[in-house]
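Visitor: I am new to this structure and would like to learn how to read it, one feature after another. Could you take me through it slowly?

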Amino acid sequence: MTWPLSDRALRALAYGVVAVVLVLEVATPWAAAGVALVPGVHPPLFDPLQLMLGAVWCPAALVVVTARPRNPIGWLLLGVPVFGALQNFLGAYGTHAEAIPADSLPLGPLAISLGSSLWAVALFLPVTVLLLRYPTGRLPSRRWRWVERLVLVTMAGVVFGLATAEDSVNDWLVGARPVIAVPEKVAEVVLVLCAVPLLLTALTIIGNAGWRTYRARGGERSQLLLVLLTGAVSLVAAFLPWNLPFSLTLFLVPIAVAVGVLRYDLLGIDFVVRRTLLYAGLTAFVAGGYALVVAVVSLAAPKGPAPAVVAAALVAVGLLPVRARLQSLVDLVVYGERRDPVGAVTRLGSGLPEDDPLPAVVAAVARSLRSPHVALRSAGGEIRAAAGTPAGGAEEVLRLRGTATDAPAETLVVELPRGERRLDAASRRLLEALGVQVAAVIRAVDLGEELQVARDRTVSAALAERDRLRHDLHDGLGPSLTGIALGLEAVESSVGTDPRRAEALVARLRTEVGLAVEDVRRILDGLRPPALDELGLTGALRQRAAVLTDRAGGRLVVRVEAPDSLPALDPETEMAAFRIADEALTNTLRHSGAAEVVIALAVDGGQLRVDVSDDGCGLPDVPRQGVGLESMQRRAESLGGSLAVTSAAGVRILAVLPGAAG
């Protein structure tokens, strides 16, 4: 709703309207003076208690308007005493003008017609437009605009039907005529066509308020419960045979609305609401149960004290269990799931899907806190899971602990219902309790993903190893063994006929067997160490360093400088790095006489750097490319990498291998 006036002007306007209401209430007894004794007048022309209502409704409305002049709730509150005071004054004034023509009061028919009809606005305004917009002043959603417009149109139709019906104005003065007289049937049709939709719409709005109360949580639930409870008390009082209790309960409605809008978190409101609901329910049980049992028992024993005694006994026996059940129901209505955080946590952790539990967990948090939108954000700000639709309300952020040992914390972002600025203490405790469970689920999901990655790496490494073995056996060792078998057949056929040729064949076979043994050693040397799959590259190198340190008997110390967790590496890159480092360690142990070797691992730009340096004697002046250096060079170049060897104070071998995640 757009207000063209400033806040100061709106406050001044509200005080002016209240002044007009007070003038009308003072003028009402003056307008009714001397009219009650005129024949045909139906006294009393006004109810003093109704005039007193303005003394409560106006201050409550002024408090809301002064604090929040742009919230329509204060103005809707002010509308009730305005139309009530107008109805009382115009009814008394119009009756005076029509009953005593000698006083020459003008506009008598118009006044008595409005006095006969404006009560409908004062009656329906609180249970329709005011309740629909309470407590924020905004409609629950855009589709309720049509409901509000229907209320205003049908309310205007009811006012028109009452103002133009002769029966209505005759309630003040027999024989009075409305300002616009329409046929009686037309007025009845207008009243029916407007009153029925207005009543149904009012019931719909009241039902919607109950549904909003059920779905709300925290402060909004207290706001709605306070007003609904006060309205329920007034409704019950309306059915009593005395008018005084109903009029007195109407004093509570504007106070409840003002407290709900401005101080819904006032200390003790929840306690008052809980106790009122509890004892109202117990009273209904006692009265209804007693009457029902008395009626049933009276059928069998209509005389004597038996019905009353039996009814009292049964009600007394059932009072405690009914109270316990009713207390649980009241707590559920007032507090929601925050009354039982253990149950909320238990429900969150049960029935989660195995494939992707995070959306279900976030949805459970949204249900428990009755939030329109909950999002789980990673440390980098990306949304990992979400539930609901953002409504633009205030947010509460909870940092989740325990998602990983050294990783940044994830955050749970909970949007508050529209109109709320923060979580109350009980809801905050519930959120923190749920956060522990959410963190545990996140950790389980992360571990599952890490396990899947490790499994995929292991399977890929096993497949690559199998392909390499098949290739080596088929292209290398297989033909060698076949050649040896054919040579043995030739030896067998030449032993008796040509001993010299047999000796030459045996010598050649000895060479073939030596080559086959070398092939076997090469194949075994190329096997992937199991430690790589179990511990990763860093762990495998540290294990190997510990073995070599023990084997050297303390004269050589091997240190591995690397993070505990490296980025994902290709299986070939991982194995080549391990073999290069292992070969360098073996060469150092055999030839350098070093006291310390340092293996440093680092990933830079998608490349793995393996740096092995020792403090030994270094390489000779005229170095000879040995088998170990050739093997390391070949491994690095086969992957498209490079290997550099330098010798100053010791030997340094630097291998740069592709195949690392940046």
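Guide: Let us begin in a loop: Leu107 lies between α3 (72–99) and α4 (108–115), where helices (H or I, at least four residues) and strands (E, at least two) are DSSP runs numbered from the N terminus. This is a predicted model, in which local features need pLDDT of at least 70 and side-chain atom pairs count only at pLDDT 80 or more, while totals for chains, interfaces and linings use all residues. Residues are numbered from 1 along each chain as its sequence is written, and side-chain values use heavy atoms, with hydrogens and water left out.

Visitor: What is the phi of Leu107, and is Leu107 buried or exposed?

Guide: Most residues other than glycine have a negative phi, and most peptide bonds are trans. Leu107, although not a glycine, has a positive phi of about 55°, and with 60% relative accessibility it counts as exposed (buried means under 20% relative accessible area, exposed over 50%, partly exposed in between, with a 1.4 Å probe and protein chains only). As for peptide bonds, the one joining Tyr134 and Pro135 is cis, with omega about 5°, and Pro135 sits in the loop between α5 (119–133) and α6 (144–163).

Visitor: How should I read the sheet, and in what order do its strands stand?

Guide: Strands of a sheet pair through backbone hydrogen bonds, either parallel or antiparallel, and here two strands are counted as paired if DSSP finds at least two bridges between them. In this open sheet of 4 strands the order is β2-β1-β4-β3, with antiparallel pairing. The edges are β2 (383–388) and β3 (395–399), each having a single partner strand, so one side of each is left without a neighbour in the sheet. From one strand to the next the twist averages 15°, taken from axes that are lines fitted to C-alpha atoms (for helices over the stretch in contact), with angles running from 0 to 180 degrees between N-to-C directions.

Visitor: Which residues pair with Leu376 in β2 and in β4?

Guide: Leu376 has Ala385 as its bridge partner in β2, and it stands opposite Leu412 in β4. Strand β1 (residues 373–377) is joined by 5 bridges to β2 and by 5 bridges to β4. Since 4 of the 5 residues of β1 are buried, this strand is largely enclosed by the rest of the structure. Between β1 and β2 there is a hairpin with 5 residues, and Gly381 in its turn has a positive phi of about 100°.

Visitor: How do the axes of α18 and α19 cross?

Guide: The axes of helix α18 (residues 530–551) and helix α19 (residues 571–592) come within 11 Å and cross at roughly 5°. The two helices are therefore roughly parallel, given that angles under 35 degrees count as roughly parallel, over 145 as roughly antiparallel, 65 to 115 as roughly perpendicular and the rest as oblique. Their contact, meaning heavy atoms within 4.5 Å, includes Leu537 and Leu541 from α18 and Phe578 and Leu585 from α19. Of the α19 residues, 18 of the 22 are buried, so this helix is largely enclosed by the rest of the structure. Following α19 comes Gly593, with a positive phi near 65°.
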